[in-house]
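Hi,

Here is the structure I said I would pass on. Have a look at it first, and then read my notes underneath.

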Amino acid sequence: MARYEWDFTGDGTADATGQFANHTYEESGKKRATLRAVGADGRTDTMTRAVRVRPTLDA
């Protein structure tokens with residue numbers, strides 16, 4: 001792969017790039033995370049997964 005683009009906000013723009021990414025959601029609830037892989041030849045493949053975000057428990 002030539003490039004990896006992560007969209008955590010659902011707006012269609014890359015919020016992070018690279019094979020691995022971290023993201024912190026500001027609110028709990030159902031969210032979506034989309035990974036777009038772009039090959040050296042320009043071909044793309046996209047995968048979207050539902051993510052359930054839960055509040056952080058303070059220690």
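**Contacts and overall shape**

Taking the contacts in the protein chain between residues at least 6 apart in sequence, 34% join residues at least 24 apart. Keep in mind that this is a predicted model.

On the fold itself, the protein chain has four strands and zero helices, so reading from the N terminus you get β-β-β-β. The chain is more spread out than a compact globule, because its radius of gyration is 13 Å, well over the 10 Å that the globule rule gives for 59 residues. If you want a feel for the dimensions, the C-alpha atoms fill a box of roughly 45 × 20 × 15 Å along the principal axes.

As for the surface, buried residues make up 22% of the 59 residues. The accessible surface of the protein chain is about 5,000 Å², and carbon and sulfur atoms hold 46% of that. On charge, there are 9 positive and 9 negative charges, with their mean positions 9 Å apart.

One residue to click on is Arg36, which sits in strand S3 (residues 29-38). Arg36 counts as partly exposed because its relative accessibility is 34%, and partly exposed lies between the 20% and 50% cut-offs. Leaving aside residues up to four places away in sequence, Arg36 touches Arg3, Tyr4, Glu5, Thr44, Asp45 and Thr46. Arg3 is 33 residues from Arg36 along the chain, and their C-alpha atoms are separated by 8.3 Å.

Cheers

Key. Residues are numbered from 1 along each chain as its sequence is written. This is a predicted model: local features need pLDDT of at least 70, side-chain atom pairs count only at pLDDT 80 or more; totals for chains, interfaces and linings use all residues. Side-chain values use heavy atoms; hydrogens and water are left out. Helices (H or I, at least four residues) and strands (E, at least two) are DSSP runs, numbered from the N terminus. Buried means under 20% relative accessible area, exposed over 50%, partly exposed in between (1.4 Å probe, protein chains only). Contact means heavy atoms within 4.5 Å. The radius of gyration is taken over C-alpha atoms; the globule rule is 2.2 Å times the number of residues to the power 0.38. Accessible areas come from the Shrake-Rupley method with a 1.4 Å probe; for residues, only the protein chains shown count as cover. Lys and Arg count as positive and Asp and Glu as negative; His and the chain ends are not counted. The place of a charge is taken as NZ of Lys, CZ of Arg, CG of Asp or CD of Glu.
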